[in-house]
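User: Please take a close look at the open sheet in this model. I would like to know how its strands are arranged, what packs around it and which loop residues beside it stand out.

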Amino acid sequence: MPFSIRCSAASNRIASCRRNARTSQLRPHHAARTQRRAPQAPAAAAQEANDGMQLGSRPPQRAAAAADAQAAADEAEAANAEEQSGGRPPEILEEFSNFTADPPGHKSGFVTIIGRPNAGKSTLMNALLHQTLSIVTPRAQTTRHRVLGLLSEPGYQAVFLDTPGIITDKRNKLEDKMMAAVQQAVKDADCLLAIIDASHKPEEALAMVQPGPQWKGPPMAILLNKTDLLSAEELAVLEAWFKQYSSADVVLPISAAEGKNLDAVVTWLQTKLPEGPSMYPKDIVSEQPERFFVSEIIRKHIFLQYFQEVPYGVAVEVTTFREVRPGSKGKGKDLIEAEIVIEKERQRGILIGKGGSALKQLGTAARAEVEEFLGRPVYLSLSVKVREGWRKDEQQVERLGY
């Protein structure tokens, strides 16, 4: 396997990572001190008020001295814990133990990638990481989840958040959840990469990635993507327009698909990321579980094989993921069982095909990519399940992981 993937609850911990890293850098030990002492504050206040009512005066001198001594001890303990943790939240340290020491001046932060559907966000993250984490198809709005990817070098760590394409007309609960994920990712960001399709009405995209002329937010780079489709003159005019009307720190022409000018993107990030400890071990590229990526690969091949609205009404749920133990008897293949969830009964026949031919074709294509991704053979079993109108049902949307 060319890299390591770890499973944990990324979306619930991003804000905590960002907050701890920033407070650790700006005010050493303050975050840990607040964490430890804040829960005691209400009880201490209540006790002091009670003492005051009973004695009719301030607490005795000895009690005050003891409280000061306890506070000093708490502060020393918190400072020691902060030094030991490197400014990382406890929940991160519970999940990962293989951290290495960061050099002085180390930088880290969350980098959120935003843009309209089909602008090239997932292609960009995959290209920057030199790994395929986000699925890419010619169809718009393929990405539904906020996908986390890690770019780690000795002097910095960029935690990329690939987001669904920004849409204004939300038609169901699924799209509500997708846009909420985008908004949260922007709030979590230390840097923003706003990617714009330079070949398709690029000026119209500015309002979506920068709402209002007085917009204030984290440092932002506008990336004019697919510039290989423009002439040099067209590109020069477009660059000048975005430099004049955007609030971006920099405007960079790139081609994510061809890997052009991505070094400039990384260089810009290195100058803008705040100082702080690495938030994840340097030897992994994502903390999302393997079964998540397996479900995404299956969904990718549904987009590639089926047409019209069928892929947009489909979700994939991996119900069984059983790894074969080393030395076990049998064929030595992992068992993966997945349900393809559809909205309407009439879609079942389309997905399965005559005599099961379409479903078999899907399984063959998906299994080949899953095996390549995992680096080991698998037995992949697919089934189809109907959940009427699941995209409009908030409970079902959440149950399917959105």
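Analyst: The answer below starts with the basis of the values, moves to the sheet and its surroundings, and ends with another group of strands.

The model is predicted, and local features are reported at pLDDT of at least 70, side-chain atom pairs at pLDDT 80 or more, while totals for chains, interfaces and linings use all residues. Residues are numbered from 1 along each chain as its sequence is written, and side-chain values use heavy atoms, leaving out hydrogens and water.

As context, the chain has 14 helices and 11 strands; these are DSSP runs numbered from the N terminus, helices being H or I over at least four residues and strands E over at least two. Of the 402 residues in the chain, 49% are buried. Here buried means under 20% relative accessible area, exposed means over 50%, and partly exposed lies in between, with a 1.4 Å probe and protein chains only. Among contacts between residues at least 6 apart in sequence, 75% join residues at least 24 apart, where contact means heavy atoms within 4.5 Å.

The open sheet is formed by 6 strands in the order β3-β4-β2-β5-β6-β7, with mixed pairing. Two strands count as paired if DSSP finds at least two bridges between them. The edges are β3 (147-153) and β7 (250-253); each has a single partner strand, so one side of each has no neighbour in the sheet. On average, neighbouring strands are turned by 25 degrees against each other, direction ignored.

Within the sheet, β5 (residues 191-197) and β6 (residues 220-225) pair in the parallel sense over 6 bridges. In this pairing, Leu224 of β6 is the bridge partner of Ile196.

Helix α10 (residues 262-272) lies across β2 (107-114), β3, β4 (156-162), β5, β6 and β7, and runs at about 155 degrees to β5. Such angles run from 0 to 180 degrees between N-to-C directions, with axes as lines fitted to C-alpha atoms, for helices over the stretch in contact.

The loop between β7 and α10 holds Ile254. Ile254 is buried, its relative accessible area being 0%. Not counting residues up to four places away in sequence, Ile254 touches Leu124, Ile195, Leu223, Leu224, Asn225, Lys226, Thr227, Lys260, Asn261, Leu262 and Val265. Asp228 is 26 residues from Ile254 in sequence and 8.3 Å from it in space, C-alpha to C-alpha.

Asn261 is found in the loop between β7 and α10 as well. Asn261 is partly exposed, with a relative accessible area of 35%, and its phi is near 65 degrees, a positive value in a residue other than glycine. Most residues other than glycine have a negative phi.

A positive phi also occurs in Lys201, near 45 degrees. Lys201 lies in the loop between β5 and α8 and is partly exposed, with a relative accessible area of 47%.

After that loop comes α8. The axes of α8 (residues 202-209) and α9 (residues 232-245) come within 11 Å and cross at roughly 25 degrees. That makes α8 roughly parallel to α9; roughly parallel covers angles under 35 degrees, roughly antiparallel those over 145, roughly perpendicular 65 to 115, and oblique the rest. The crossing is right-handed, meaning that the near helix is turned clockwise from the far one by less than a right angle, anticlockwise being left-handed. Pro202, Glu203 and Leu206 of α8 make the contact with Leu238, Trp241, Phe242 and Tyr245 of α9. These contact residues divide into 6 nonpolar, no polar and 1 charged, counting Ala, Val, Leu, Ile, Met, Phe, Trp, Tyr, Cys and Pro as nonpolar, Asp, Glu, Lys and Arg as charged, and the others, Gly among them, as polar.

Further along the chain, β9 (residues 315-322) and β10 pair in the antiparallel sense over 7 bridges. In β10, Val341 stands opposite Ala315, and Ile336 stands opposite Phe321. With β11 (residues 378-386), β10 pairs in the parallel sense over 9 bridges, and there Val341 stands opposite Lys385. In β10 (residues 334-342), 8 of the 9 residues are buried, so the strand is largely enclosed by the rest of the structure. In β9, 6 of the 8 residues are buried, so β9 is largely enclosed as well.
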